[in-house]
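Here are some notes on the structure shown below, set out point by point for a computational reader. They begin with one residue and its surroundings, and then move on to other parts of the assembly.

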Amino acid sequence: MQTIAINHLNVWYGRNQALKEINLHIPLRQITAIIGPSGCGKSTLLKSLNRLLDLDEQVRVDGEVLFNGLNIYDPHVDVTDIRTRIGLLAQKPFPLPLSIYDNVAYGPRIHGRTNGSLDQIVQSRLESVGLWEEVQDRLKAPATALSVGQQQRLCLARSLAVEPEILLCDESTASLDPLSARGIEALLRALKETYTVIMVTHDIDQARRVADYVAFLWLGELVEHGPAQKFFTQPEKELTQAYLAREVG
Amino acid sequence: MSRRRKGEERFFIFMMRAYLGGAAAVLALILAVILWRGLEALSWEMISQPPQAAYYLGGDGGILNAIAGSLYLAAGSTLVAIVLAVPVVLYLHGYLGNGRRAGLVRLVLDIMWGIPSIVYGAFAFALMIFLGMRASLLAGIIGLALVILPILARTFDEVVSLAPRQLAESTYALGATRLEYLGILLRQTLPGLFTAILLAFGRGIGDAAAVLFTAGYTDRMPESLMQPVASLPLAIFFQLATPFPEVQARAYASALVLTAIILVISLLAHLSMSRLERNVIR
Amino acid sequence: MEITRETISLPEQVKQIPRPREIGLGRQAKDGLARQGMGAITITVCAFVVTIAAALLYRSWPLLSTYSLKELLTSQDWHPMRGQFGFAPFIIGSLAVTLVAVFFSVIPAIFSGIYLAEYTSTRLRGVLKPVLDSLVGIPSVVYGLWGVLFIVPLVRDYLSPWSDRTLGQVFPFFSRSNPSGYGLLAAGFVLGVMVFPLVVAVSEEVMRAAPRETREAALCLGATRWEATKLIVRRQAPGGLLAAAVLGLSRAFGETLAVLMLIGNAVKIPGSLFDTAYSLPALIANNYGEMMSVPLYESALMAAALLLLLVVVGFNALARLVIVRVQRAPAA
């Protein structure tokens with residue numbers, strides 16, 4: 001299995017350059033946290049990794065993002081395949097307008113899994129996010145009936161159901177209460193055995209808690225990155241030190 | 001990705017594009033047919049003179065009476081519609097906000113937009129009888145005003161809805177009354193109002209069913225509010241209904257004139273929307 | 001000790017700060033007056049629909065009080081001179097031509113609306129929107145004229161002979177009972193074209209009301225754009241798209257001039273696609289000249305107008321309410 005290699009990535013929204021010359025290798029099967037103040041391009045960077053930026057007409061992307069050695073921005077690439085293998089968990093839990101069961105089953109269904117194994121897939125996914133016990137007797141209920149914390153777990157189960165290799169988390173705990181947030185963090189820590197996780201967060205403490213590797217973005221530029229241990233104890237750049245000490249941003 | 005999924009998407013995209021393309025093709029076809037048949041019969045005489053004595057039997061003259069009549073009808077009814085619609089829209093935005101009553105008013109306006117113009121014509125006719133009026137320019141204006149009022153109101157309403165919220169916030173923060181805010185709002189949305197007026201005017205020129213009973217018809221140029229007046233759509237209809245091919249051909253030419261006028265108005269509306277917008281605060 | 005306003009003594013400096021001025025009487029009065037005035041106009045305008053219905057009811061009362069509703073709506077005999085006012089042929093004629101129009105245009109229009117909302121760039125929309133607006137702007141008399149010049153010969157010379165030879169052998173509905181070219185098909189097709197842009201616009205509006213997170217969430221699971229669109233259509237827009245169709249149907253039902261010019265205006269119940277028929281609006285438009293001379297004729301036409309009003313208002317109100325609901329709470 002591979003990781004993602006980002007080479008000379010530049011992204012423009014209309015006239016504004018949101019990302020400037022990003023060069024970064026994402027380590028395999030670890031949690032990489034992308035930190036930085038609001039509006040510095042963290043979400044843009046994340047969304048450039050599964051080509052979700054394609055949805056916005058005004059976006060221009062320059063550079064390459066290599067996954068399995070292949071540039072995902074190559075015109076011949078099948079973008080739905082990319083998105084299957086690089087999944088995304090959004091900030092606000094957004095269940096699809098379907099039942100709990102159908103939410104998890106949606107991905108496998110469109111990829112052609114038959115009904116027989118679907119039950120199994122749904123159950124195992126819900127188990128892996130710790131929801132199975134709570135919902136097993138109301139699988140047909142609309143997903144909107146769940147609490148916000150439960151909905152985010154459901155969205156995670158849904159993303160995992162398509163068996164991605166990499167999981168992108170866009171401030172996925174920002175809308176949750178602290179307890180639920182910790183629950184998701186624990187899940188991510190367990191998941192890194194199997195998946196590579198890249199998470200965007202504005203919460204430095206959260207990064208301290210979960211990250212194995214950290215990248216610091218400031219105004220669209222990658223200021224510093226490295227293993228979490230070293231990053232948090234001996235940051236090299238002054239700006240990093242200032243940000244970690246909460247003097248800026 | 002499986003071929004089936006790709007194939008399914010391709011099929012539906014092709015179908016949707018075909019439908020839209022078909023619509024564009026039909027538009028082109030309509031304009032082409034009208035242009036082709038209309039141009040043959042068009043002459044300077046047609047648009048510069050009212051019909052002479054035997055016009056409908058093939059004699060001399062033109063449709064100037066109808067052109068002028070339609071312009072008067074549309075202008076008059078647009079004026080009436082403005083006087084009624086602008087206060088309603090301003091009231092909506094200044095006093096009713098987005099509450100239930102506002103929703104009700106908009107629903108009623110939408111319903112009014114959907115009422116066929118023949119119903120408005122029938123009503124205006126009943127009103128005419130009740131007031132002892134005969135078929136006249138005034139009656140036609142009343143009938144037509146009913147048709148275009150909801151169009152003007154809703155179109156203007158949509159434009160005003162686009163005004164930035166900060167406009168209200170900053171105006172009220174200066175201690176303005178609601179009326180004073182509405183004055184500012186009106187100034188901000190004037191280009192949009194102008195566009196809405198143009199669109200309503202264009203609708204007024206083309207409508208036949210509302211003026212059928214009410215404005216009557218005449219071969220004379222419009223003279224007074226209380227006299228019947230000719231209109232372009234009816235002129236087309238009557239010329240087409242004669243058994244003489246030369247007169248029928250004139251119907252095509254009249255249709256060309258009518259379509260041309262409406263397309264020019266639409267063009268003006270689009271242009272005005274973009275040009276005047278430059279002067280407006282964002 | 002009681003503290004009243006009079007007994008509290010303010011320090012000197014505070015007393016010197018000027019109190020906020022009370023709003024000038026003039027401005028206040030103007031505001032209040034304007035509010036009353038605009039409110040009155042708004043109420044008056046909203047009352048128009050009821051007023052119109054009442055007026056039409058009043059003028060059609062002579063007829064309605066003479067014959068039973070059932071008789072008027074179901075009888076096929078229309079001989080005003082003899083006092084027979086059966087509206088059935090006109091109601092059926094209107095329904096028939098509306099259904100033909102709906103058949104031709106509703107599905108294409110809904111798909112076009114979906115395409116505009118989900119698949120087009122802003123630039124392409126900028127090209128297509130004027131096309132649709134132009135279609136809307138063309139007056140009905142010009143549509144009718146185009147129908148006469150182009151569609152009627154097409155039906156007369158090609159479509160109806162072909163249909164008669166093929167489908168018409170099996171289904172009488174497709175047989176060429178009327179060779180003139182005027183009739184349900186010609187009128188229905190042109191009517192369909194007229195209604196198309198309206199349904200497109202409303203369908204697009206309805207699709208846009210869906211939150212974009214639905215599309216994003218589906219795409220992030222590896223769905224194709226079409227699969228994401230299907231999800232939105234399936235769950236969030238069925239009421240809305242149906243309402244778009246109903247609005248189109250309602251518009252078709254009330255269209256006067258184009259139908260009048262193409263449907264043939266024969267008082268009978270059409271038996272085939274190529275038969276002539278008579279629509280309710282055409283009835284009113286064609287006969288207003290004579291209505292004053294025959295007793296009860298005017299009431300009959302006013303009753304027809306009232307019927308049109310009630311049908312259209314009913315459909316429109318229902319459809320608009322559904323659309324508002326779809327736009328306000330798009331999530332399931």
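1. Leaving aside its neighbours within four places in sequence, Val11(A) is in contact with Ala18(A), Leu19(A), Thr44(A), Ser48(A), Leu53(A), Val59(A) and Val61(A). The model is a predicted one, and in it Val11(A) belongs to strand β1 (residues 4–13) of chain A. Val11(A) counts as buried because 22 other C-beta atoms lie within 10 Å, where the cut-off for a buried residue is 20 or more. By contrast with these contacts, the C-alpha atoms of Val11(A) and Val122(A), which stand 111 residues apart along the chain, are separated by 37 Å.

2. Two backbone angles in chain A deserve a check. Glu21(A), in strand β2 (residues 16–25) of chain A, has a phi near 45°, which is a positive value in a residue other than glycine. Leu219(A), in the loop between β9 (213–218) and β10 (221–227) of chain A, has a phi near 50°, again a positive value in a residue other than glycine. As for their surroundings, Glu21(A) is partly exposed, with 14 other C-beta atoms within 10 Å, and Leu219(A) is partly exposed, with 15 other C-beta atoms within 10 Å. Both assignments follow because a residue is exposed at 12 or fewer such atoms, buried at 20 or more, and partly exposed in between.

3. The secondary structure of chain B consists of eleven helices and zero strands, so that, by the DSSP runs used here, its elements read α-α-α-α-α-α-α-α-α-α-α from the N terminus on. The C-alpha trace of chain B spans about 70 × 65 × 35 Å along its principal axes. Of the 282 residues of chain B, 50% count as buried, and residues 24 or more positions apart account for 76% of the contacts in this chain with a separation of 6 or more.

4. How far apart are the end C-alpha atoms of α1(B), and what should its 39 residues span at 1.5 Å a residue? The expected span is 57 Å and the end C-alpha atoms are 56 Å apart, which agrees. Among the buried residues of α1(B) are Met16(B), Tyr19(B), Leu20(B) and Ala23(B), and further along Ile30(B), Ile34(B), Arg37(B), Gly38(B) and Ala41(B). An α-helix has 3.6 residues a turn, so residues three or four places apart point the same way.

5. The same check on α4(B) gives an expected span of 21 Å for its 15 residues at 1.5 Å a residue, and its end C-alpha atoms are 21 Å apart, which agrees. Within α4(B), the residues Val105(B), Val108(B), Leu109(B), Asp110(B), Ile111(B), Met112(B), Trp113(B) and Gly114(B) are buried.

6. Where chain B touches chain C, the contact takes 60 residues from chain B and 66 residues from chain C. On the side of chain B, at least two residues each are supplied by α1 (3–41), α3 (64–96), α4 (100–114), α5 (117–131), α8 (178–206), α9 (209–214), α10 (232–241) and α11 (245–276). The largest share of that side, 17 residues, comes from α1(B). By class, the residues on the side of chain B that touches chain C divide into 45 nonpolar, eight polar and seven charged.

7. The largest nonpolar core holds 278 residues, of which Ala122(B), Leu152(B), Val199(C), Ala304(C) and Ala305(C) touch the most other members. Its largest share, 18 residues, comes from helix α8 (residues 184–208) of chain C. Leaving aside its neighbours within four places in sequence, Leu152(B) is in contact with Ala81(B), Ile82(B), Ala85(B), Ala196(B), Ile197(B) and Ala200(B).

8. In chain C, the axes of helix α13 (residues 280–287) and helix α14 (residues 297–328) come within 9 Å and cross at roughly 150°, and the crossing is left-handed. Leu280(C), Pro281(C), Leu283(C), Ile284(C) and Asn287(C) in α13(C) meet Leu301(C), Ala304(C), Ala305(C), Leu307(C) and Leu308(C) in α14(C). By class, this contact has nine nonpolar, one polar and no charged residues.

9. Is Lys70(C), in helix α3 (residues 69–74) of chain C, buried or exposed? Lys70(C) is exposed, since 8 other C-beta atoms lie within 10 Å. Its C-alpha atom and that of Gly86(C), 16 residues apart along the chain, are separated by 9.5 Å.

Conventions:
Residues numbered from 1 in each chain as written. Chains lettered and ligands numbered in written order. Predicted model: local features only at pLDDT ≥ 70, side-chain atom pairs only at ≥ 80, totals over all residues. Contact = placed C-beta atoms within 7 Å. Helix = DSSP H or I, 4+ residues; strand = E, 2+ residues; numbered from the N terminus. Nonpolar A, V, L, I, M, F, W, Y, C, P; charged D, E, K, R; others polar. Core = buried A, V, L, I, M, F, W, Y, C linked by C-beta atoms within 7 Å. Expected span 1.5 Å × (residues − 1). Axes fitted to C-alpha atoms, helices over the stretch in contact; angles between N-to-C directions. Left-handed = near helix turned anticlockwise from the far one by under 90°.
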